[in-house]
Amino acid sequence: MIPKIILGSGPHATRRTISYLFGKGRANEHTDPHLVASWNGFAPDPGRSPHRDPKDAMDQLVTQLDQPVKMLGHKAPKDTVWHCPVRAAPEDPILTDAQWADIARRIVAAAGIAPDGDEEACRWVAVRHADDHIHIAATLVRQDGRRPERGYDQRAVQREARRIEVDYGLRRLKPGDGTGAKRPTSKEHFKAKRLGQDAATRDVLRLRVRRALAAAADETEFFALLDATGVTVRLKLGPSGDTLGCNFALPEDTNDKGEPVFYAGSTLAPDLSLPKIRKSLATTNPEPAAAPPGNPWHQATAATERIPRHLTHSDDPTAQGQLVALGAVLDLLPVNAPTAVRGELERAAVAFERATRSRIAADLDSTRVLRRSIQAIWRDRPSDGDGSGFAMLLDTVLTAVAFAAHWHRTHQHAQQEAAAEQALVHLQVAYAQVAEPVLAGLAQRKPGLQMKQRFARYLQQAVPDHVERILNDAAWEALAAVLAEAEAAGHKATTVLDQALGLRPLGDAHSPARALTWRIRRLGERHVPGPQAQAANARSTARRTGAPAHPTATAPPPQRSPTPRR
């Protein structure tokens with residue numbers, strides 16, 4: 001059983017969390033979301049309130065959860081939401097709602113959120129939207145206005161989870177695989193608090209070193225980036241003068257003699273020793289590091305879009321290498337992100353870091369294009385006009401992280417799976433804020449009714465299994481707009497639609513309309529092929545479909561690939 005604590009902040013943290021828990025999930029994986037327990041036993045249940053509007057029930061639930069926080073006004077804590085997913089192992093028996101309710105009460109009691117018999121404790125709910133897990137959400141102000149005593153709550157809930165496994169006859173969680181980063185000690189936490197740092201020095205250094213590694217094209221640039229971000233580096237030299245290792249420090253973190261406290265790279269994370277740093281840099285170093293001419297946003301999106309296929313069809317070392325590269329993408333995404341979502345993306349990167357390592361040795365050869373394209377975005381800061389470049393990249397990253405969680409689940413990497421799922425929560429929040437305004441802007445350029453009807457007929461022929469969802473999706477008008485713009489640029493709508501469908505099946509897309517919008521936007525900005533190339537494309541389409549090679553030929557719906565549980 002795996003509990004994982006996530007803290008939420010901001011004026012709408014409670015609503016974001018509750019909306020996610022009672023929503024459909026990225027791949028419609030949430031089924032029958034409903035409460036199994038709450039602080040008072042009769043909290044409003046948006047999932048099972050047949051005689052009232054679910055939105056009204058959700059509003060009431062959010063209001064009740066937030067009431068103690070609102071009473072404190074500006075004195076409320078920075079982090080106001082405590083979110084703890086609790087997942088059973090795949091081979092465990094399916095637990096009843098009553099059993100999950102008991103587990104939820106034990107978890108919140110162990111964490112100090114709601115100790116047994118404490119009627120003034122924090123308000124909390126436990127939501128079940130799948131057979132194998134629940135989510136516990138609580139607000140971090142007690143009903144008497146005090147803060148909960150939740151020191152070392154992560155350790156406490158892990159200890160309680162071990163007892164629950166015994167009591168319910170569940171699979172007992174095995175120790176980690178030895179690839180996790182070392183956690184800060186209590187002494188390091190207290191020191192960080194005394195220095196006014198948001199995180200322990202060990203965690204700050206890990207993030208900065210990983211980001212420099214993701215951005216650097218070679219060792220010289222790696223050390224220069226660390227210096228630019230305030231990291232002091234001390235090299236360990238051998239008798240021959242060769243560099244054998246490196247230690248990292250923050251100038252403000254000193255010992256009682258006023259000297260910087262250095263951390264060896266391998267103690268920050270197993271993949272941050274100097275030999276492994278050099279191995280990673282070799283992915284971008286041997287050949288010219290610049291990405292080939294083209295739109296870096298499109299190149300990074302195309303490379304990221306290939307990750308799910310690697311995770312489902314390539315060998316394990318190649319798949320593990322893709323996860324390393326995906327971690328590098330997440331490390332650099334916040335740098336180019338809009339300010340409003342930078343925090344969520346940084347939290348996603350920190351969470352996913354654990355999902356980038358396992359006992360499987362990573363083969364990085366297949367990651368060169370992705371790493372160079374994301375470096376080009378970081379280095380050159382390419383123009384992104386209406387923000388669609390960032391939005392389409394983030395959409396593919398979301399899907400890749402969901403597949404990463406699935407891959408780790410099938411390999412029984414419990415800690416890595418939980419890390420990927422935690423990253424998904426943060427990415428979902430960021431994506432909603434980024435994509436909505438871009439899609440709304442595209443929708444304002446929607447074509448006329450006659451052209452929309454023509455596009456709808458194309459979709460009916462090409463993807464009959466998905467056409468109803470697409471036409472009823474709020475993103476349909478944005479999709480129609482990018483199809484019209486592709487035609488205006490000289491492309492044939494049927495051809496560009498066929499190409500978009502060929503990039504990846506729609507079966508695992510949360511929103512087929514959005515997926516097609518981003519793909520066609522990318523394809524529509526490419527150079528228009530000449531007559532001979534168009535004829536070749538038509539013949540290729542005809543061979544795949546068995547249809548005559550004429551301008552209106554369209555591809556059949558692509559075969560579905562297994563959808564990962566997320």
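Reading strands, a helix and positive phi

S7 and S8 pair in the antiparallel sense, with six bridges between them. The structure is a predicted model.

Me: What connects S7 and S8, and how many residues lie between them?
Reply: S7 and S8 make a hairpin, and five residues separate the two strands. In the turn, Gly241 has a positive phi of about 90°.

Me: Which residues stand opposite each other in this pair?
Reply: The general idea is that side chains in a regular strand alternate between the two faces of the sheet. In this structure, Val233 is opposite Phe248 in S8, and Arg234 is opposite Asn247 in S8.

Me: What is the order of the strands in the sheet?
Reply: The order is S7-S8-S9, in an open sheet of three strands with antiparallel pairing. Strand S7 (232–237) and strand S9 (263–264) are the edge strands, since each pairs on one side only.

Me: How should I read the buried positions of a helix?
Reply: An α-helix has 3.6 residues a turn, so residues three or four places apart point the same way. Take helix H9 (residues 274–281), where Leu274, Ile277, Ser280 and Leu281 are buried. Seen down the axis of H9, these buried residues fall within an arc of 120°, so they line one face of the helix.

Me: Which residues of H9 are on the face turned away from its buried side?
Reply: That face of H9 carries Pro275 and Lys279, which are exposed.

Me: What do the buried residues of H9 pack against?
Reply: The buried residues of H9 pack against three helices and a strand: helix H6 (201–215), helix H7 (219–228), helix H14 (368–380) and strand S8 (243–249). S8 is also the strand that pairs with S7.

Me: Which phi values deserve a second look?
Reply: Most residues other than glycine have a negative phi. Arg381 has a positive phi, near 50°. Its place is in the loop between H14 and helix H15 (388–410). Gln412 also has a positive phi, of about 60°, although it is not a glycine. Gln412 lies in the loop between H15 and helix H16 (414–443).

Me: Are Arg381 and Gln412 buried, partly exposed or exposed, and what are the values?
Reply: Arg381 is partly exposed, with a relative accessible area of 46%. Gln412 counts as exposed, at 58% relative accessibility. The cut-off for exposed is over 50%.

Me: What does the whole protein look like in numbers?
Reply: The secondary structure comes to 22 helices and nine strands. Of the 566 residues, 53% count as buried. The accessible surface is about 25,500 Å², and 52% of that belongs to carbon and sulfur atoms. Among contacts between residues at least 6 apart in sequence, 73% join residues at least 24 apart.

Me: Where is confidence lowest, and where is it highest?
Reply: The mean pLDDT of the protein is 87, and 90% of its residues reach 70 or more. Confidence is lowest in helix H22 (residues 531–545), at a mean of 49, and highest in helix H3 (residues 97–111), at 97. Over residues 544–566 the pLDDT is below 50. Beyond near neighbours in sequence, this stretch has 61 contacts in the model.

How values were computed
Residues are numbered from 1 along each chain as its sequence is written. This is a predicted model: local features need pLDDT of at least 70, side-chain atom pairs count only at pLDDT 80 or more; totals for chains, interfaces and linings use all residues. Side-chain values use heavy atoms; hydrogens and water are left out. Buried means under 20% relative accessible area, exposed over 50%, partly exposed in between (1.4 Å probe, protein chains only). Helices (H or I, at least four residues) and strands (E, at least two) are DSSP runs, numbered from the N terminus. The arc is that of the directions from the helix axis to the C-beta atoms. Contact means heavy atoms within 4.5 Å. Accessible areas come from the Shrake-Rupley method with a 1.4 Å probe; for residues, only the protein chains shown count as cover. Two strands pair if DSSP finds at least two bridges between them. pLDDT is the predictor's confidence in each residue, from 0 to 100.
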